[in-house]
Number of protein chains: 2
Amino acid sequence: MLSVVILGTGNVAENLFHAFYESTSIRLTQVVGRNEESLKKFQDKTKVSSDFENLVQADIYVIAISDNAIPEISKKITQEGLVVHTSGATPMEVIPTKNRGVFYPLQTFTKGHVLDFSTIPICVEAEDPMSFTKLQQLGECISNKVYGINSEQRKKLHLSAVFANNFSNHLFHISEVLCKEENLSFELLKPLILETVKKLDFLSPLEAQTGPARRKDSESMKRHLELLTDEKQIKLYMLLSEAISKTYEKEL
Amino acid sequence: MLSVVILGTGNVAENLFHAFYESTSIRLTQVVGRNEESLKKFQDKTKVSSDFENLVQADIYVIAISDNAIPEISKKITQEGLVVHTSGATPMEVIPTKNRGVFYPLQTFTKGHVLDFSTIPICVEAEDPMSFTKLQQLGECISNKVYGINSEQRKKLHLSAVFANNFSNHLFHISEVLCKEENLSFELLKPLILETVKKLDFLSPLEAQTGPARRKDSESMKRHLELLTDEKQIKLYMLLSEAISKTYEKEL
């Protein structure tokens, strides 16, 4: 039985809380956060505290707060026990103790929207081999996909996630803006977006690519550009089309 | 009972064939295509022909071929009956007869991968009101989502689909390339990509946006840029981050 304290009350903390709470191999001993209002949602199920000087003893302290607050909060943990953060972009070394690690769930979390953790990849890293094993064990309590990922890999993975999630979401936003210009509902695009992702089950994105830029259909691209008026949209259309054409330049 | 001839044997033709074939309100009377090999997959279920001069009589002729071949093929249809193409990017007017229209299924189709049409939006347009009604009827035989969409709207919708599908798929490709640079499997990113899309069920893309560009977290963006070496990836990272930051500039 692993005992765990969660530091933080945001989207990641809330999602980890539910996953840890459901596991029969984890004892969730405390949730600590500055915001007393946010702590309320946990208080029926475990001890809560807004005082970081008042941590209970645990095997693992999981810091799930904004990246820039990790160094300050991790300093407050003077208890024995493994201290980990959950950030994709933050080096493990910002945690001052030697008994440190990273427990990074590679997913996008939304307030009040609790996800099933069983398929979420958990990327673990630790300074010490025994701590690494302990983190693997913690990961396996909530997910079927636990990976040992070092800091270099994690940095690249986080960057990769920015392209796959943040940037593609912005393209969906542009897509919605264009629909609205013609009084069309964005609902029209949703089955297409879903199928774009489902295709990745049997094709790599390299194979799945379609559209005028891959075919080097310059007439269609010209007509598309004539429809755009926003300067950023025009630049994005051109740059993405060039990037696609270049990727397949040997093909035609 | 509507009788239908399909002209074409590619991905769209194949998918429409299966949807039409399953409907008890449609009589699929012929599939016509240049490629005799491709015709074989239809021959057990309907008449096939590689001779465009040899079309049978039907209520509706559905041209599902590459955009630039539509004018030439549509000229060959001298029979009475409504002639429609299935292209998002092509004006209805390239079809020479007055009894013309568009039957545009807004989806990405893959060879050999048959989709359930019931949730695929079908965008219909016709010159004549009776033909329009007939196309609506045809659409409703295979889908619960049939929309009257004029040519201006359809052009914008097709452009919108390029952002939502073609361009986001290329971002997934970049994401995979970055993973491979660190010997990481793209499988790691798939739950994130799926959740990015699932979020759109309860949040607009504008609300769903996360990441360093929205937060204007310049430190994280600087660290990301240091990891990139490919010039196109760098330009895309900068342009997409600027576009996101601009979208939320009044927020911080």
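**From a loop lysine to a shared interface**

Let's start small: Lys216(B) sits in the loop that joins α8 (212–215) to α9 in chain B. Keep in mind that this is a predicted model. The backbone here is worth a look, since phi of Lys216(B) comes out near 50°, a positive value in a residue that isn't glycine. Is Lys216(B) buried, partly exposed or exposed? With a relative accessibility of 31%, Lys216(B) falls in the partly exposed class, because that class runs from the 20% limit for buried to the 50% limit for exposed.

Now hop over to chain A. There, Lys216(A) lies in the loop between α8 (212–215) and α9 (218–227). Its phi is also positive, near 55°, and again the residue is not a glycine. Lys216(A) has a relative accessible area of 31%, so it counts as partly exposed.

Next up is helix α5 of chain B, which covers residues 151–181. From first C-alpha to last, the 31 residues of this helix reach 44 Å, close to the 45 Å you'd expect at 1.5 Å a residue. The helix does have a bend in it, though, of about 30° at Val162(B). At the N-terminal end, Asn150(B) acts as the cap: one of its side-chain oxygens is 3.2 Å from the backbone nitrogen of Glu152(B). Following the helix you'll find Asn183(B), with a positive phi near 55°. As for solvent, α5(B) is mostly covered, with 26 of its 31 residues buried.

What does chain B touch in chain A? In residue terms, 83 residues of chain B are in contact with 84 of chain A. Together the two chains bury about 8,400 Å², and 71% of that is on carbon and sulfur atoms. On the chain B side, Lys156(B), Phe163(B) and Leu188(B) lose the most area to chain A, together making up 9% of what that side buries.

There's a polar side to the interface as well. How many salt bridges link chain B and chain A? The count is four. In one salt bridge, Lys156(A) pairs with Glu181(B), and their closest N and O atoms are 2.7 Å apart. Polar contacts across the interface add up to 30 residue pairs, with both partners at pLDDT 80 or more. The elements of chain B that give two or more residues to the side touching chain A are α5, α6 (190–198), α7 (205–208), α9 (218–227) and α10 (231–247). Which of them gives the most? That would be α5(B), with 27 residues.

Key: Residues are numbered from 1 along each chain as its sequence is written. Chains are lettered from A and ligands numbered from 1 in the order in which they are written. This is a predicted model: local features need pLDDT of at least 70, side-chain atom pairs count only at pLDDT 80 or more; totals for chains, interfaces and linings use all residues. Side-chain values use heavy atoms; hydrogens and water are left out. Helices (H or I, at least four residues) and strands (E, at least two) are DSSP runs, numbered from the N terminus. The expected span of a helix is 1.5 Å times one less than its number of residues. The bend at a residue is the angle between axes fitted to the seven residues ending there and the seven starting there. Buried means under 20% relative accessible area, exposed over 50%, partly exposed in between (1.4 Å probe, protein chains only). A polar contact is a pair of N or O atoms within 3.5 Å; within protein, one must be able to donate a hydrogen and the other to accept it, and residues adjacent in sequence count only if both atoms are side-chain atoms. Contact means heavy atoms within 4.5 Å. Buried area is the accessible area (1.4 Å probe) that two parts lose on being put together, summed over both. A salt bridge is a side-chain nitrogen of Lys or Arg within 4 Å of a carboxyl oxygen of Asp or Glu.
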